[in-house]
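This report looks at aromatic rings and at the charged groups that accompany them. Please keep the structure in view while reading.

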Amino acid sequence: MDTVFAHVFELEHLFEDGSIRKFAPDYDMAQSWIRLREGKNIQEHDMILLNHELAEANIMGKGTDIAYDSVHSEVEKKYNYSKALKKYLKENNLE
């Protein structure tokens with residue numbers, strides 16, 4: 001989980017516009033991360049997030065030579081966190 005934490009919260013990434021920056025804060029991802037770290041009330045979309053971010057981190061490594069945008073699109077095909085999150089929010093009347 002340290003690799004995923006660093007990828008999501010600490011490292012800067014190259015974006016298609018040429019900028020290098022950290023990811024913007026995201027409330028739902030933070031909530032997923034809290035559940036994962038605490039090991040309590042883990043939801044399906046939390047596990048998808050973990051796998052999604054790990055796949056991105058494995059492809060991108062710790063450098064800034066691979067653009068995030070294309071990697072994210074490719075990883076979404078297998079681990080679609082946004083789709084799973086929308087489903088969870090809808091099913092729980094949280095949207």
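## Phe 15 and its surroundings

In this predicted model, Phe 15 counts as buried, because its relative accessibility of 9% falls under the 20% limit used for that term. The charged end of Arg 21 sits over the ring of Phe 15, at 3.7 Å from the centre of that ring.

## Aromatic pairs

A pair of aromatic rings is described by how far apart the centres are and by the angle of the planes. Six aromatic pairs are found in the structure, and one of them joins Phe 5 and Phe 9 in a tilted arrangement, with 4.9 Å from centre to centre and 40 degrees between the planes. These two residues both belong to helix α1, which covers residues 2-10, and they are four residues apart there, about one turn of the helix.

Phe 5 has a relative accessible area of 26% and is partly exposed, and Phe 9, at 34% relative accessibility, also counts as partly exposed. Phe 15 and Phe 23 form an edge-to-face pair, in which the centres are 6.2 Å apart and the planes are at 90 degrees.

## A cluster and a second charge

Phe 5 and Phe 9 are also part of a cluster, in which ring pairs link them with Trp 33. Over the face of Phe 5 lies Arg 37, at 5.7 Å from the ring centre, so that Phe 5 has a charge over its ring by the 6 Å cut-off.

Key: Residues are numbered from 1 along each chain as its sequence is written. This is a predicted model: local features need pLDDT of at least 70, side-chain atom pairs count only at pLDDT 80 or more; totals for chains, interfaces and linings use all residues. Side-chain values use heavy atoms; hydrogens and water are left out. Rings of Phe, Tyr and Trp (its six-membered ring) pair if their centres lie within 6.5 Å; planes under 30 degrees apart count as stacked, over 60 as edge-to-face and the rest as tilted. Buried means under 20% relative accessible area, exposed over 50%, partly exposed in between (1.4 Å probe, protein chains only). A charge sits over a ring if NZ of Lys or CZ of Arg is within 6 Å of the ring centre and within 35 degrees of the ring normal.
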